[in-house]
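Hi,

Could you open this one on your screen before reading my notes? Turn it around for a minute first, then carry on below.

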Amino acid sequence: MKKIQSAIQKIALLISSFLFLLLFLFSLFEIFPKLPAQLHLTVIHYYALKDRYVSDPQLILRMKPFYSYRGFFPGDIAGLMTKSSYKPLPYEARYDQNGFRNAHPDRKTDIVVLGDSYMEVGLTNDDTFAAHLEKASRLSTANYGMGWYGPVQYLEVLKRYAVKNQPRFALLSFFEGNDLKDTRDYINREKNGGLTSFLFL
């Protein structure tokens, strides 16, 4: 009986020590937010979001000013293929002071482009939809696309940032694959905790 009690006490001590260590590390990373990236912990969803985004009352999250990223882009179908059947492509993204891949922030432009990742993503800033549209149309464009944003956020981005470009046209890309769901999720997050519910998805 004493052996069983001793074993239980040791297990309890081990578990409580582990939980204390987790709490200590979590608190440390909250006090020093650059540490997780330096320790390559951005593979964890929570720390990946904290590395790239800042909270925002209307947009939920927005990209950090002047954030830059260099890595590899596996594409949307990577999960459907074996690793040997595709090669991720080199990817480099630079964001402006407002957190967008915009070559002309706050400058008068002919067209502002709004939407989700289909507008934001490109292997370089010159490979985004807005950049290709500018080359093809010979009209100046400003890119306000942001992955995972939905229609409610598109409207907020238009009012807060895009109008400063005094555009002649606003092109809104509506993605039928998830924009209706994004609208529902946005409304639910507002009701059920906003940023917190998003960070722990």
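**What I found**

Leaving out residues up to four places away in sequence, threonine 141 touches Asn102, His104, Thr109, Ile111, Ala130, Ala131, Leu133 and Glu134 (a contact being heavy atoms within 4.5 Å). Before we go on: this is a predicted model, with residues numbered from 1 along each chain as its sequence is written. Local features need pLDDT of at least 70 and side-chain atom pairs 80 or more, totals for chains, interfaces and linings use all residues, and side-chain values use heavy atoms, without hydrogens or water.

Back to threonine 141, which sits in strand β6, residues 141-145. (Strands, E, of at least two residues and helices, H or I, of at least four are DSSP runs numbered from the N terminus.) Is threonine 141 buried or exposed? It counts as buried because its relative accessible area is 4%. (Buried means under 20%, exposed over 50%, and partly exposed in between, using a 1.4 Å probe and protein chains only.) A polar atom of its side chain lies 2.9 Å from the backbone oxygen of alanine 130. (A polar contact is a pair of N or O atoms within 3.5 Å; within protein, one must be able to donate a hydrogen and the other to accept it, and residues adjacent in sequence count only if both atoms are side-chain atoms.)

**The core**

In soluble globular proteins, nonpolar side chains tend to be buried together. Here, the largest nonpolar core holds 22 residues, and Tyr144, Met146 and Val157 have the most contacts inside it. (A core is a set of buried Ala, Val, Leu, Ile, Met, Phe, Trp, Tyr and Cys residues joined through side-chain atoms within 4.5 Å.) Two or more residues each come from β2 (60-63), β4 (89-94), β5 (111-115), β6 and α6 (151-160). The largest share, three residues, is from β2.

Try clicking on methionine 146: beyond four places in sequence, its contacts include Tyr53, Met63, Tyr95 and Phe100. Alanine 162 is worth a click too, in the loop between α6 and β7. With a relative accessible area of 0%, alanine 162 is buried. Setting aside neighbours within four places, alanine 162 is in contact with Val112, Tyr144, Val157 and Pro167. Its C-alpha atom is 8.5 Å from that of valine 113, although the two residues are 49 apart along the chain.

**Salt bridges**

How many salt bridges does the structure hold? There are seven (each one a side-chain nitrogen of Lys or Arg within 4 Å of a carboxyl oxygen of Asp or Glu). Three of them are described here.

- Aspartate 56 pairs with arginine 62, with the closest N and O atoms 3.2 Å apart. Aspartate 56 is buried at 8%, whereas arginine 62 is partly exposed at 22%.
- Arginine 160 meets glutamate 156, also through a 3.2 Å N to O distance. They are four residues apart in helix α6, so about one helical turn separates them. Arginine 160 is partly exposed at 22%, while glutamate 156 is buried at 16%. Shared partners join Asp56, Arg62, Glu156 and Arg160 into one network of salt bridges.
- Aspartate 110 pairs with arginine 168, the closest N and O atoms being 3.4 Å apart. This pair links distant parts of the chain, 58 residues apart: aspartate 110 is in the loop between β4 and β5, and arginine 168 in the one between α6 and β7 (169-172). Aspartate 110 is buried at 17%, but arginine 168 is exposed at 55%.

**Loops and surface**

Which sign does phi have in phenylalanine 66? Positive, near 60°, in a residue other than glycine. Phenylalanine 66 is in the loop between β2 and β3 (68-73), and it counts as exposed because its relative accessibility is 59%. Aspartate 106 also has a positive phi, near 55°. You'll find aspartate 106 in the loop between β4 and β5, partly exposed at 35%.

Last stop: phenylalanine 18 in helix α1 (residues 2-31). Phenylalanine 18 is partly exposed at 49%, and with Ile11, Ile15, Leu19 and Leu22 it forms a nonpolar surface patch with about 490 Å² of accessible area together. (Patch residues have over 30% relative accessible area and no salt bridge; nonpolar side chains, Val, Leu, Ile, Met, Phe, Trp or Tyr, are joined within 5 Å, and like charges within 9 Å. Areas are from the Shrake-Rupley method with a 1.4 Å probe; for residues, only the protein chains shown count as cover.)

Cheers
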